[in-house]
Amino acid sequence: RSAPGLDIVQSGGAGKLTSLFLRGSDAGHTLVLIDGVEMNDPVSVGRTYNFSDLPVDNIDRIEVLRGPQSTLYGSDAIGGVVNIVTRRGTGRPSMRLSTMGGSLGTLRGYGRVAGGTSQYHYSMGLSWLNVGGISAASETKGNTEPDSHRNATVSGRVGFTPNDRLGLDLVFRSIDTASDIDNGGGVGQDDPNNRQDSRQIFVRPEVSLKLWDRRWLQTFGYAFSDHDRQNKNPTDASHPVDSSESTFKGRIHQLHWQNTLHFHENSTLTFGAETEEEQGNSTFRSDG
């Protein structure tokens with residue numbers, strides 16, 4: 001929030017849609033990456049990413065690249081790029097556990113194990129959040145039913161370097177959320193059984209190879225992201241006849257091959273190739 005030229009808008013309490021805007025551009029014009037894996041949902045409205053689903057546990061730093069970056073990152077980076085880098089394990093094996101609680105039924109827990117040497121490294125974390133929440137609909141109109149939110153995230157980064165020429169690296173993150181939704185948001189009314197479940201998976205294995213006395217660095221990697229959202233709204237007192245159910249599924253497959261040639265300490269050549277495939281489908285069913 002303190003980065004210049006950046007604005008974050010949250011449409012309610014915990015778990016509600018949270019969008020990021022860079023330099024006045026649309027939320028869908030900002031490319032979001034985590035360890036090189038694209039996080040933008042290909043079947044969301046505007047192809048955005050909902051930042052309310054992303055806990056900051058096991059994250060080392062967040063880099064913000066403002067301004068049009070379509071030349072390097074494609075048409076999703078008209079406004080800029082947000083690059084999220086997870087933690088890399090170093091030193092002797094260590095473990096960290098923490099928990100906290102607060103008002104509105106808030107309970108949060110986090111655990112992490114990490115370590116590393118010159119030949120291997122690992123950092124794996126587990127976080128859990130449960131919030132009883134508040135009503136997203138206006139309380140002045142008698143809406144007091146809380147909208148709860150739950151988030152369970154597993155993340156990790158492991159690597160193995162058997163010698164000074166070969167390196168293997170794997171990053172992964174799984175996010176599972178469940179949120180209550182009201183009809184019409186702040187101007188609507190409580191809906192006790194309107195619910196959205198979301199599952200996100202991000203995986204990236206990568207191999208690096210150094211040749212020609214380590215002057216030629218080759219990197220070959222595969223990135224996979226999977227988004228699966230379900231909205232279920234069965235009948236209740238506010239709508240006793242009609243019920244609805246919708247699903248949104250999107251996937252991104254990406255292969256990249258990058259080469260860096262160090263001819264001299266003042267002369268470097270970088271080239272490569274990349275291919276990407278997107279898949280998406282949605283369904284909607286309504287009774288009544």
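A residue is called buried here when its relative accessible area is under 20%, exposed when over 50%, and partly exposed in between. With that in hand, welcome to a set of close-up views of a predicted model.

**Figure 1. The whole chain, before we zoom in.** Of the 288 residues in the chain, 41% are buried. One helix and 15 strands make up its secondary structure elements. Along the principal axes, the C-alpha atoms occupy a box of roughly 75 × 40 × 35 Å. The chain exposes about 15,500 Å², and carbon and sulfur atoms supply 55% of that area. Among contacts with a separation of 6 or more, 58% link residues 24 or more positions apart.

**Figure 2. An open sheet of four strands.** Here the strand order is S4-S3-S6-S5, and the pairing is mixed. Which strands stand at the edges? They are S4 (37-38) and S5 (59-66); each has a single partner strand, so one side of each lacks a neighbour in the sheet. The partner of S5 shown here is S6 (residues 80-86), and the two pair in the antiparallel sense over seven bridges. For a landmark in this pairing, look for Leu65, which stands opposite Val81 in S6. As a general reminder, strands of a sheet pair through backbone hydrogen bonds, either parallel or antiparallel.

**Figure 3. Arg47 in the loop between S4 and S5.** Follow the chain into the loop between S4 and S5 and you will meet Arg47. Its phi is near 55 degrees, a positive value in a residue other than glycine. Is Arg47 buried or exposed? Its relative accessible area is 13%, so Arg47 is buried.

**Figure 4. The hairpin of S12 and S13.** Strand S12 (195-211) and strand S13 (216-233) form a hairpin with four residues between them. The two strands pair in the antiparallel sense over 15 bridges. One of the facing pairs to look for is Glu206 with its bridge partner in S13, Gly221. In the turn, Trp212 has a positive phi of about 55 degrees. Asp213, in the loop between S12 and S13, also has a positive phi, about 60 degrees, although it is not a glycine. Asp213 is exposed, because its relative accessible area is 54%.

**Figure 5. Aromatic pairs.** How many aromatic pairs does the structure hold? There are three, and two of them are described here. The rings of Tyr49 and Phe51 have centres 5.4 Å apart and planes at 85 degrees, so this pair is edge-to-face. Tyr49 counts as buried because its relative accessibility is 5%. In the other pair, the rings of Trp212 and Trp216 have centres 5.2 Å apart and planes at 50 degrees, so the arrangement is tilted. The two tryptophans have contrasting surroundings: Trp212 counts as exposed at 59% relative accessibility, whereas Trp216 counts as buried at 19%.

**Figure 6. Strand S13 and its partner S14.** Why is S13 described as largely enclosed by the rest of the structure? Because 13 of its 18 residues are buried. On the S14 side, 18 bridges join S13 to S14, and the two run antiparallel. Leu217 stands opposite Thr260 in S14, a handy place to check the register.

**Figure 7. A nonpolar patch on the surface.** Phe220, Leu255, Trp257, Phe263, Leu269 and Phe271 make a nonpolar surface patch of about 560 Å². Strand S14 (243-264) and strand S15 (267-287) each supply at least two of its residues. Which strand gives the most to the patch? S14 does, with three residues. Leu269 lies in S15. With a relative accessible area of 38%, Leu269 is partly exposed.

**Figure 8. Phe172 and its neighbours.** Our last stop is Phe172, found in strand S11 (residues 166-180). Phe172 is partly exposed, because its relative accessible area is 27%. Leaving aside residues up to four places away in sequence, Phe172 touches Met124, Val154, Ser155, Gly156, Phe202 and Val203. Phe172 and Arg204 are 32 residues apart along the chain, and their C-alpha atoms are separated by 6.4 Å.

Conventions: Residues numbered from 1 in each chain as written. Predicted model: local features only at pLDDT ≥ 70, side-chain atom pairs only at ≥ 80, totals over all residues. Heavy atoms only, no water. Patch = residues over 30% accessible without salt bridge, like charges linked within 9 Å, V, L, I, M, F, W, Y side chains within 5 Å. Areas by Shrake-Rupley, 256 points an atom, 1.4 Å probe, with all protein chains shown as cover. Salt bridge = Lys/Arg side-chain N within 4 Å of Asp/Glu carboxyl O. Buried < 20%, exposed > 50% of the residue type's maximum accessible area, 1.4 Å probe, protein only. Phe/Tyr/Trp six-rings, centres within 6.5 Å; stacked < 30°, edge-to-face > 60°. Pairing = 2+ DSSP bridges. Contact = heavy atoms within 4.5 Å.
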